[in-house]
Amino acid sequence: SYGFSYANSKIDRLVYIQNINGKYEEPVDSLSNRFVFNNTQNTPGISFRWNRKKYNLSFGSSVSLNQFEQKNLTLNTITKYNFVNFIPRASYNYKIKPNENLRINYNGSTTAPSPEQLQPTRVNTDPLNVYVGNPDLKQSFRHTINGGYNFYNILKEKNMYTNLSVSMTDNAFVQSSTISDNGRRTYKTVNADGVYSINLYTDYGFKIKGTKWRTGVGPTFNLNRRIEYINGFKSINNTRAYGLNLNINQYVADKMNAYLSTEISWNDTKASVNSNANADYWQIEMYGNLNKTIKKWVIGSDLSFEARQKDPRFPQKNNFTRLNASVTRRFLKEDRLELKLQVNDIFNENRGYDRNFSSYSYTETFYNTLRRFWLLTATWNISKNGKPSKMF
């Protein structure tokens, strides 16, 4: 195999100071720059594959030849970077039985620094958090291993799905911050080893005896290890989440489709340098949908709910319920025309939310999103066989 790519980007960061006439015309040289970035990548590769009755195996590698050119139009200088990376990959799939198999995959991938991370200029749009580019950044390389086991018993209507993913990054992009006595932070991106993550998902499903309902249950686990530098000290941040996933569903063709999933988890975050940013809390996430067909009418709704333990440092409400509902009516021959009336966010609680942990801070962020609204839509179904597609 062979791949080729070329990317060109330009960044103009022009900062002006106000003059005596009230106009912004005098440039600030220390905060202004103009850069052009050209990235050429050649990727030859080779792979092998074996297919057998009980298993299939494949492995191979690509070689990524990167030529990165940075033109500083402000200082009229050119900096060139050359990176050579091997990108290995392998997979193995073993069929224990026709409906039972074991699989394992490995992939390697590289990520080049972005132009914003490389440009050596201060960004002071936020005076309390000033970013400085780092032209000495190296590419990062990520190793990802995925393994899993699954089976399905048609007669007993039982199934199991498991997946374990481990990711490790060499020369990962991390932040190095210098914090002054008055709380002002100057930070940049640097390379560091030791960043990794582990994710486990399991689901054991079976039919509830004497009903048309199916249910599933399984534990989940997530571990993220991040690294930061604070005033020259290395900080290791570990975030763990232990969870349990529960779900139930029923599907009857052309009549009903119902699904409800709930995940309960306990989250634990600890930093090796600043214990004030540590946190322990429980969290519940729920999602469900229901579609019911009655002749030419379709009634539908979907629900999402999230709740988490409040932190004494943040008194604001952080639990949200989002409920949407709709009614659809089909018309004309072969149901070609559909009219749908829907209302989104019935409880008017839709709001963006994020929790973030680092070595120097623990923050909660809220942001506005589109909230309650009504919508009427008309759809004309077109298909070669004259029959519109099913709604579910």
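Q: Before we get to pockets, which residues count as nonpolar, charged or polar here?
A: Ala, Val, Leu, Ile, Met, Phe, Trp, Tyr, Cys and Pro count as nonpolar, Asp, Glu, Lys and Arg as charged, and the others, Gly among them, as polar. Note also that this is a predicted model.

Q: OK. How do the residues lining the largest pocket divide?
A: The lining has seven nonpolar, 12 polar and four charged residues.

Q: What volume does that largest pocket have?
A: The space in the largest pocket comes to about 480 Å³.

Q: And which residues are closest to its centre?
A: F173, V174, V195, R226 and I227 are the closest to the centre, out of 23 residues that line the largest pocket.

Q: Which strands supply at least two residues each of that lining?
A: β7 (100-111), β10 (140-153), β11 (158-170), β12 (172-179), β14 (195-207) and β15 (214-230) each do so for the largest pocket. The largest share comes from β15, with five residues.

Q: What about the second largest pocket, what's its volume?
A: About 260 Å³ for the second largest pocket. Its lining is made up of 15 residues, and Y281, D354, R355, N356 and F357 are the ones nearest its centre.

Q: How many of its lining residues are nonpolar, polar and charged?
A: In the second largest pocket, three are nonpolar, six polar and six charged.

Q: Which strand gives the largest share there?
A: β22 does, supplying five residues of the second largest pocket's lining. The strands that each supply at least two residues to this lining are β15, β17 (256-271), β18 (279-294), β19 (297-308) and β22 (352-357). β15 therefore turns up in the linings of both pockets.

Q: Switching to rings. How many aromatic pairs are there?
A: The structure has 13 aromatic pairs. One of them is F35 with F37: the ring centres are 5.7 Å apart and the planes meet at 20°, so this pair is stacked.

Q: Where's the cut-off for stacked?
A: Planes under 30 degrees apart count as stacked.

Q: Are F35 and F37 buried or exposed?
A: F35 and F37 are both buried.

Q: Which residues form an aromatic cluster with F35?
A: F37 and F68 join F35 in one aromatic cluster.

Q: Any charges over rings? Which residue lies over the face of Y187?
A: R185 does, 4.0 Å from the ring centre of Y187.

Q: And what sits over F331?
A: The charged end of R329 is over the F331 ring, at 4.8 Å from the centre.

Technical notes
Residues numbered from 1 in each chain as written. Predicted model: local features only at pLDDT ≥ 70, side-chain atom pairs only at ≥ 80, totals over all residues. Heavy atoms only, no water. Phe/Tyr/Trp six-rings, centres within 6.5 Å; stacked < 30°, edge-to-face > 60°. Buried < 20%, exposed > 50% of the residue type's maximum accessible area, 1.4 Å probe, protein only. Lys NZ or Arg CZ within 6 Å of the ring centre and 35° of its normal. 1 Å grid on protein atoms, 1.4 Å probe; cavity = no way out; pocket = protein on both sides within 12 Å on 5 of 7 lines; lining within 4 Å. Points joined across faces, edges and corners; volume = space filled by probe spheres on them. Helix = DSSP H or I, 4+ residues; strand = E, 2+ residues; numbered from the N terminus.
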